[in-house]
Amino acid sequence: MTDTNEKAAPQEGAISDFGIDTTSRSTTEALKDYVAKVRGGDLGSLPALLGLLVLVLFFATQSDAFLTLANVANLFQQGAGIVIIAMGLVFVLLLGEIDLSAGTASGVAASMMALHYVRGGNMMLGMGDTVFYIFLVVIALAIVAAVLMRIWAGAVLAAGAAAIMLLGVPPNAWVEMLLAVCIGCAIGCLTGFLVSRVGIPSFVVTLALFLMWGGVILKLIGQGGTLPIRNDEVLFKVANGNLSTSLSWALFIVAAGGYTAVVLSRHFSRLRKGLVAQPTSLVLIKVAAVVVLAAAGTYLLTLNRAPNPTIVIEGVPYVVPIVLVLLTVGTTVLDRTKYGRHVYAVGGNAEAARRAGVNVPKIRMSVFVICSTVAAVGSIVLASKVGSVAPSSGGGNTLLFAVGAAVIGGTSLFGGKGRLRDAVIGGAVIAIIENGLGLLKQEAAVVSIVTGLVLLLAASVDALSRKRAAVS
Amino acid sequence: MSEPILELRGINKSFGPVHVLHDIDFSVRPGEVTALVGDNGAGKSTLVKCIAGIHGTDSGEVLFEDQPVNIHGPRDAAALGIEVVYQDLALCDNLDIVQNMFLGRERGKAGLLDEADMEQAARKTLASLSVRTVKSVRTPVSSLSGGQRQTVAIAKSVLWDSKVVLLDEPTAALGVAQTRQVLDLVRRLAEQGLGVVLISHNMNDVFEVADRIACLYLGRLAAELPAKDVTHGQVVELITAGRSGDLGIARPEAATI
Ligand SMILES: Nc1ncnc2c1ncn2[C@@H]1O[C@H](COP(=O)(O)OP(=O)(O)OP(=O)(O)O)[C@@H](O)[C@H]1O
Ligand SMILES: [Mg+2]
């Protein structure tokens with residue numbers, strides 16, 4: 001029996017059932033499919049990658065300093081904070097929600113971390129009695145919210161924040177970083193609860209919290225004050241230190257080897273089971289390209305890049321493995337777990353997800369928990385880079401740059417579309433603009449204007465491609 | 001006549017001040033197709049959503065296999081073996097066919113999804129429905145035609161070992177051949193012993209596949225009776241006026257057999 005469905009194009013009619021599914025395609029066919037997909041409006045991270053290339057070429061020709069090893073390593077360290085916050089934001093954006101408070105929330109986490117370090121672990125003394133108790137009450141509320149929604153991990157981390165505050169553990173970089181992450185998580189529980197259970201639009205909730213957390217930071221640090229953390233070796237090295245040469249190569253082996261193993265094993269298992277798969281040659285080329293690029297990068301970063309001969313600076317910056325781990329874990333969660341699938345489903349059609357039995361309120365709350373927790377990690381990197389925490393931490397453009405990074409990378413603000421690596425690519429674009437214009441001795445005003453223009457360009461490309469997809 | 005597998009007794013449902021369902025008694029029997037008919041806004045979709053746990057009911061009880069059950073959400077309904085194809089389809093545009101078919105019931109081990117298993121199962125189900133228009137099961141639903149989306153929604157409901165399938169206007173968007181396929185499928189499901197409820201505005205379809213016809217009129221069950229005992233014209237009168245001769249709301253005792 002043949003079908004009469006008018007949408008099936010004649011050439012498709014020739015393909016029986018799922019003919020295209022079971023056979024693996026040739027390289028030319030796969031490329032043709034890709035071109036068709038792009039023409040159909042599904043651009044993915046292509047525009048951002050092209051933009052990245054243009055920017056690199058532009059700055060490389062304009063400034064001799066841009067492509068030096070020292071600057072490239074510096075670029076990683078400058079961009080990492082925003083990239084990490086943007087990765088957390090992708091979860092929220094995937095639901096079509098927004099978290100305007102991620103920046104200042106991360107600032108609160110960083111302030112607590114620095115306060116714990118500076119005040120020798122005595123938070124009661126550091127914060128003052130009243131503020132201390134208010135904080136504990138707020139954390140208790142966060143725990144209750146998480147328990148009500150059965151987000152156990154959130155409850156445990158929030159409880160961890162209270163425990164560290166109450167126990168008065170002596171200063172220790174790892175405890176302080178844990179405190180920052182736990183505080184971020186507690187804040188996320190509150191945001192998520194207000195959005196998903198109380199039902200306030202996320203824009204309003206997070207706008208209010210953006211203002212509140214900004215005030216809290218000021219209260220914690222004091223007008224004009226700063227909390228230095230550069231004297232702690234570990235805290236300072238997070239964004240300023242490098243892996244030793246041997247560890248750099250170890251990282252390369254683990255990362256490149258792991259990538260190769262995962263991609264190839266998945267590819268061949270799909271082939272074995274007769275499922276739709278890319279041509280083997282294409283997969284091999286892709287893997288080889290990634291491995292070669294990673295090897296070249298590792299090699300270059302293990303060269304001495306110190307500007308003067310008396311010191312030695314070499315090795316892959318710590319921020320690279322930090323971002324890689326977050327990227328790998330986050331991508332696995334989004335692509336390979338039930339939870340990730342449900343996040344996309346709620347972002348695509350919340351009602352359909354609800355009818356399919358997905359616990360929509362829980363998913364909605366959880367993305368805010370993830371966003372603030374990851375933002376706290378970003379704030380550790382940002383604070384480490386500067387070596388101190390000031391009242392302006394996490395304020396200013398931090399959040400907007402992070403949202404911009406996600407959007408430039410191709411994450412849709414309407415939800416349902418976006419990937420974590422988009423945030424990394426978009427973050428790279430923003431970091432390069434800031435870094436390159438700085439090298440060209442442009443003032444902050446120009447940086448803001450150019451970043452804004454690039455964001456506008458990215459949004460236009462997205463909108464136009466979607467229009468095209470709708471028309472075709 | 002077989003015992004009902006699903007039985008509703010005295011179901012009431014209001015949306016705020018609007019009383020949409022009044023004291024509905026309705027039963028679904030295994031191996032039979034029950035057609036649920038009624039004008040636009042009669043409450044057919046609402047009744048289906050109450051059974052599926054999408055809407056809570058205000059009063060009344062639900063019996064499944066003679067046991068009173070409380071269906072508080074789609075998960076409860078699915079656990080009992082009740083599957084629904086919604087009028088508005090309820091698919092996630094950004095997910096592909098496999099992802100949609102398994103949404104909420106993904107397969108996998110140790111927290112990780114087993115894509116290969118799901119893809120094969122989805123393809124097998126679609127093939128068993130003789131779906132020939134879908135190019136690849138990895139096509140995003142956004143790029144499917146209305147009829148193809150309909151087919152995916154139906155395939156999703158028969159993928160599971162269900163006991164009751166409720167189809168809310170499954171043929172509304174379909175062409176001639178695909179309507180044929182869906183009607184055949186509806187019959188086949190009943191022959192396999194499932195209880196099937198078919199909502200449709202098309203009387204030809206209803207008379208072709210239904211064993212029993214239930215007619216809703218302004219939120220009340222006007223009549224529920226074997227299809228062979230009524231004529232086309234009587235059903236149309238029941239739909240538009242709520243009564244036809246001896247049948248209908250005025251003499252409820254005549255409406256039950
Ligand atoms: N979520 C809701 N909130 C408020 N009123 C609703 C809601 N859903 C349905 N209604 C009302 O309930 C009544 C019955 O609607 P329902 O969708 O069940 O009709 P139907 O019989 O399926 O009609 P159709 O043949 O057009 O699909 C209508 O008056 C509708 O306005
Ligand atoms: Mg309806």
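Searching the whole structure turns up 23 salt bridges over all chains. A salt bridge here is a side-chain nitrogen of Lys or Arg within 4 Å of a carboxyl oxygen of Asp or Glu. Side chains of opposite charge can pair when their charged atoms come close.

Before we look around, two notes on reading this report. This is a predicted model, in which local features need pLDDT of at least 70 and side-chain atom pairs count only at pLDDT 80 or more, while totals for chains, interfaces and linings use all residues. Residues are numbered from 1 along each chain as its sequence is written, chains are lettered from A and ligands numbered from 1 in the order in which they are written, and side-chain values use heavy atoms, with hydrogens and water left out.

**Some salt bridges**

Here are four of the pairs.

| Pair | Closest N to O distance |
|---|---|
| R355(A) and D88(B) | 2.8 Å |
| E351(A) and R355(A) | 2.9 Å |
| K237(A) and E233(A) | 3.5 Å |
| R212(B) and E224(B) | 3.8 Å |

Helices (H or I, at least four residues) and strands (E, at least two) are DSSP runs, numbered from the N terminus. K237(A) and E233(A) both sit in helix α12 (residues 233-240) of chain A, 4 residues apart, about one turn of the helix. E351(A) and R355(A) are likewise 4 residues apart, in helix α17 (residues 350-355) of chain A, so about one helical turn separates them.

Are these residues buried or exposed? Buried means under 20% relative accessible area, exposed over 50%, and partly exposed in between (1.4 Å probe, protein chains only). R355(A) counts as buried at 10%, while E351(A) is partly exposed at 30%. K237(A) is partly exposed at 36%, and E233(A) is exposed at 56%.

**A hairpin in chain B**

R212(B) lies in strand β11 and E224(B) in strand β12 of chain B, so their salt bridge ties together parts that are 12 residues apart in sequence. R212(B) is buried at 6% relative accessibility, and E224(B) is buried at 10%. Strand β12 (residues 220-226) of chain B is mostly covered, with 5 of its 7 residues buried. Strands β11 (residues 212-217) and β12 of chain B run antiparallel and are joined by 6 bridges; I213(B) has L225(B) as its bridge partner. The hairpin has 2 residues between the strands, and L218(B) takes a positive phi near 45 degrees.

**An open sheet**

Chain B also has an open sheet of 4 strands in the order β2-β1-β4-β5, with antiparallel pairing. Two strands pair if DSSP finds at least two bridges between them. At the edges are β2 (18-28) and β5 (67-69) of chain B, each pairing on one side only. Strand β1 (residues 6-15) of chain B is joined to strand β4 (residues 59-64) of chain B by 5 bridges, and L6(B) stands opposite F64(B) in β4(B).

**Where the chains meet**

How many residues does each chain bring to the contact? Chain B gives 41 residues and chain A gives 36 residues, contact meaning heavy atoms within 4.5 Å. Between them, the two chains bury about 3600 Å², 55% of it on carbon and sulfur atoms; buried area is the accessible area (1.4 Å probe) that two parts lose on being put together, summed over both. The interface of chain B and chain A holds 3 salt bridges.
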